[in-house]
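The following exercises are to be worked with the sequence and the three-dimensional structure at hand. Each task is followed by a solution in steps.

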Amino acid sequence: MPTSLQEGCAECCWMVTPHTIYVHTTFPTAYPAPHHSSQGRASPCIAFVPISGWNGDNMLEPSANMPWFKGWKVTRKDGNASGTTLLEALDCILPPTRPTDKPLRLPLQDVCKIGGIGPVPVGRVGTGVLKPGRWSVSFAPVNITTEGKPVEMHHEALSEALPGDNVGFNVKNVSVKDARRGHVAGDSKKDPPGEAAGFTAQMIILNHPGQISAGYTPVLDCHTAHITCKFAELKKINHRSGTLSF
């Protein structure tokens with residue numbers, strides 16, 4: 001057992017993220033990089049960076065307390081990267097691409113009613129691009145089509161709304177009862193959204209008092225929708241191979 005705070009920090013503490021692996025140590029002892037191929041992570045794509053937040057080793061600048069560490073390297077399709085410090089490992093993380101090439105999908109978070117303007121659906125753009133001007137908007141699963149007006153974010157007009165932007169727009173001839181939280185808005189002329197009869201999802205069970213089998217009816221939160229669903233079929237995922245089994 002450690003007898004001091006510094007000795008406690010000297011113990012090896014792993015922190016694993018989808019992009020980088022860090023090991024916390026305060027003395028220059030070589031720790032082997034763990035094997036992650038069994039967990040679906042390719043080791044050449046993950047940077048192994050030994051750091052010490054207590055002493056500031058390898059955080060912003062290379063540390064003289066770790067002469068055994070010669071730097072990290074990652075190999076990926078979008079380009080290789082190498083470095084020594086944690087800051088360099090964070091800088092080499094590639095930002096995810098926004099799905100702007102897919103049809104417009106905007107799950108509604110709320111529908112506000114503003115005097116003199118009318119109903120204003122508010123939500124976050126999931127896929128596609130939403131541009132200002134008059135456009136034909138369709139709401140699913142109620143199959144209501146109407147005309148949409150300029151797009152705003154935080155009371156400021158936008159030239160275009162990309163995935164991740166929280167926006168609001170005005171609609172005609174739609175009441176707050178017709179379109180509400182959980183519905184999905186899209187362009188009625190370009191692959192409009194429709195009602196889904198079923199979908200496949202990955203479920204992680206932390207704790208459950210009873211048995212879960214086909215026919216179980218839970219209440220799920222799908223994006224902004226709060227709806228009752230029914231399990232039609234259950235499959236197990238093999239995390240080592242990624243295959244499904246009944």
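A polar contact is a pair of N or O atoms within 3.5 Å; within protein, one atom must be able to donate a hydrogen and the other to accept it. The model used here is predicted.

**Exercise 1. Describe the setting of T127 and determine whether its side chain takes part in a polar contact with P103.**

Solution.
- Step 1: Locate the residue. T127 belongs to the loop that runs between β7 (118-124) and β8 (135-140).
- Step 2: Classify its accessibility. The relative accessible area of T127 is 16%; buried means under 20%, so T127 counts as buried.
- Step 3: List its neighbours. Leaving aside residues up to four places away in sequence, T127 touches P99, K102, P103, L104, R105 and P163.
- Step 4: Examine the distance. A polar atom of the T127 side chain lies 2.6 Å from the backbone oxygen of P103. The cut-off for a polar contact is 3.5 Å, and the pair at 2.6 Å falls within it.

**Exercise 2. Identify the salt bridge of the structure and state which parts of the chain the pair ties together.**

Solution.
- Step 1: Count. The structure holds one salt bridge.
- Step 2: Name the partners. R105 pairs with D191, and their closest N and O atoms are 3.8 Å apart.
- Step 3: Place them. R105 lies in the loop between α2 (86-91) and β6 (106-114), and D191 in the loop between β12 and β13, so the pair ties together parts that are 86 residues apart in sequence.
- Step 4: Assess accessibility. R105 is partly exposed at 23% relative accessible area, and D191 is also partly exposed, at 48%.
- Step 5: Link to Exercise 1. R105 is among the residues that T127 touches.

**Exercise 3. Characterise residues 199-237 and the nonpolar surface patch that includes M203.**

Solution.
- Step 1: Consult the record. An unreviewed UniProt entry places the feature "domain: GTP-eEF1A C-terminal" at residues 199-237.
- Step 2: Describe the segment. Residues 199-237 are 0% helix and 26% strand, with the end C-alpha atoms 16 Å apart.
- Step 3: Define the patch. M203, I205 and L234 form it on the surface, with about 250 Å² of accessible area together.
- Step 4: Inspect one member. M203 lies in the loop between β12 (184-187) and β13 (219-222) and is partly exposed, at 43% relative accessibility.

**Exercise 4. Summarise the chain: how many helices and strands are there, and what percentage of residues is buried?**

Solution.
- Step 1: The chain has two helices and 16 strands.
- Step 2: Of its 246 residues, 30% count as buried.
- Step 3: The chain exposes about 16,300 Å², of which carbon and sulfur atoms supply 54%.

Methods. Residues numbered from 1 in each chain as written. Predicted model: local features only at pLDDT ≥ 70, side-chain atom pairs only at ≥ 80, totals over all residues. Heavy atoms only, no water. Helix = DSSP H or I, 4+ residues; strand = E, 2+ residues; numbered from the N terminus. Buried < 20%, exposed > 50% of the residue type's maximum accessible area, 1.4 Å probe, protein only. Contact = heavy atoms within 4.5 Å. Patch = residues over 30% accessible without salt bridge, like charges linked within 9 Å, V, L, I, M, F, W, Y side chains within 5 Å. Areas by Shrake-Rupley, 256 points an atom, 1.4 Å probe, with all protein chains shown as cover. Salt bridge = Lys/Arg side-chain N within 4 Å of Asp/Glu carboxyl O. UniProt positions renumbered as here; feature names shortened; annotations may be inferred.
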